Every structure is written in structure tokens, then in C-alpha cells.
Amino acid sequence: MRKLKLTERGWPGHYILCERCVFHRNTLIEFGAKRVVVSTVGNLRKIDPPHAIDTIGCGRYYETKAFPARWDAPYWEAATSGQLDFKSPWSICAENPEDLPDDADTRADRMHERVVAEISRRLKRGKV
């Protein structure tokens with residue numbers, strides 16, 4: 001019987017400015033020979049003025065994306081050219097950084113977990 005395996009990894013899985021994101025999660029989901037990376041980034045810090053928060057896209061301060069995994073020795077990494085669709089919420093938006101909820105990081109964690117759960121279910125059903 002095939003078993004689902006989730007591996008939390010300590011580096012961002014996508015986004016060109018990810019090194020400036022204070023928040024990032026990267027989960028490798030494995031089911032049989034299938035592998036998917038779910039990546040969440042956010043809380044991007046500007047260079048000038050230092051520590052100010054910036055968007056990572058149009059009004060987005062956090063985003064979650066899913067990608068097929070590709071072998072990039074020594075790890076399975078996100079094949080960012082092949083983004084996977086999903087139905088779960090994938091972004092936290094605000095007009096201004098001051099409008100972000102105080103618990104934005106916690107909400108981003110929940111958003112990430114929902115996408116991991118959705119992709120995991122789809123992998124088990126052979127729908128990825």
C-alpha cells in the first residue's frame with residue numbers, strides 16, 4: 001500500500017525575492033512516485049526603508065503555490081514553470097501593510113496547511 005509522506009523543509013520553495021521574505025514554508029508531498037511542492041511566502045521586507053513590508057504581487061502580502069517536484073540534487077525542488085491549480089485560498093491581500101491582520105503569519109500557516117491537505121487528497125485519488 002502506498003503511503004503519503006509530508007516533509008517540511010526550511011527554505012522557501014518559490015519567488016524570486018524569497019530571501020527577503022520573513023515568512024516561508026515549503027512542504028514536499030510524496031505519494032508513490034508522485035511528488036509535489038507546496039510553497040508559501042510572505043512578509044516581504046523592503047530594502048529601503050529597512051524592515052518596511054512590501055507586496056509580493058498585486059496587493060498580495062502572502063501567497064501559496066503548488067508545483068510538481070523535479071530532482072535538483074540533492075533535493076526534490078519546485079518545478080516553478082509548471083504551477084498546479086487548486087481550489088483552496090492562496091493569498092492574503094490588503095490595500096496597505098497596516099491593513100494586514102495582526103495574525104497574518106498564522107493565517108498564512110493555515111492557508112498553507114489547507115493547500116497541502118487539498119493536494120494530498122488529490123494525489124491519493126490520482127488527480128494530480
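Buried means under 20% relative accessible area, exposed means over 50%, and partly exposed lies in between, with a 1.4 Å probe and protein chains only. By that rule E30 is buried, because its relative accessible area is 14%.

The model described here is predicted: local features need pLDDT of at least 70, side-chain atom pairs count only at pLDDT 80 or more, and totals for chains, interfaces and linings use all residues. Residues are numbered from 1 along each chain as its sequence is written, and side-chain values use heavy atoms, with hydrogens and water left out.

**Salt bridges**

A salt bridge is a side-chain nitrogen of Lys or Arg within 4 Å of a carboxyl oxygen of Asp or Glu. Under this rule the structure has 10 salt bridges. Helices (H or I, at least four residues) and strands (E, at least two) are DSSP runs, numbered from the N terminus. Three of the individual pairs are set out below.

| Pair | N to O distance |
|---|---|
| K5 and E30 | 4.0 Å |
| E77 and R9 | 3.8 Å |
| D72 and R70 | 3.3 Å |

E30 meets K5 in a salt bridge. This pair links distant parts of the chain, with K5 in strand β1 (residues 4-9) and E30 in strand β2, 25 residues apart. K5 counts as partly exposed because its relative accessibility is 49%, whereas E30 is buried at 14%.

E77 and R9 form another salt bridge. Here too the link is between distant parts of the chain: E77 belongs to strand β6 (residues 75-78) and R9 to strand β1, with their positions 68 residues apart. E77 has a relative accessible area of 17% and is therefore buried. R9 counts as buried as well, at 11% relative accessibility.

D72 and R70 join through their side chains in a salt bridge. D72 is partly exposed, with 39% relative accessibility, and R70 is partly exposed at 38%.

Salt bridges also link E8, R25, D109 and E113 in a network.

**Aromatic pairs**

Rings of Phe, Tyr and Trp (its six-membered ring) pair if their centres lie within 6.5 Å; planes under 30 degrees apart count as stacked, over 60 as edge-to-face and the rest as tilted. Across the whole structure, a search finds three aromatic pairs. One of them is F23 with Y62, an edge-to-face pair at 5.8 Å centre to centre with 70° between the planes. The F23 and Y62 pair links distant parts of the chain: F23 is in strand β2 (residues 21-31) and Y62 in strand β5 (residues 60-72), 39 residues apart. F23 counts as buried because its relative accessibility is 8%, and Y62 counts as buried at 3%.

W71 and W76 also pair: their ring centres are 5.4 Å apart and their planes stand at 65°, so the pair is edge-to-face. W76 is partly exposed, with a relative accessible area of 25%.

**A buried serine in helix α1**

S120 is part of helix α1 (residues 104-124). Its relative accessibility is 8%, so S120 counts as buried. Contact means heavy atoms within 4.5 Å. Leaving aside residues up to four places away in sequence, S120 touches L4, L6 and I29.

**Backbone geometry**

Most residues other than glycine have a negative phi, and most peptide bonds are trans. Several places in this chain depart from that pattern, beginning with the peptide bond from D48 to P49, which is cis with omega near 0°. P49 lies in the loop between β3 (34-45) and β4 (53-54). A cis peptide bond also joins A73 and P74, where omega is about 10°. P74 sits in the loop between β5 and β6.

Positive phi values occur at N43 and H51. For N43, a residue other than glycine, phi is near 55°. N43 has its place in strand β3 and is buried, with a relative accessible area of 9%. For H51, also a residue other than glycine, phi is positive and near 75°. H51 lies in the loop between β3 and β4. At a relative accessible area of 63%, H51 is exposed, whereas N43 is buried.
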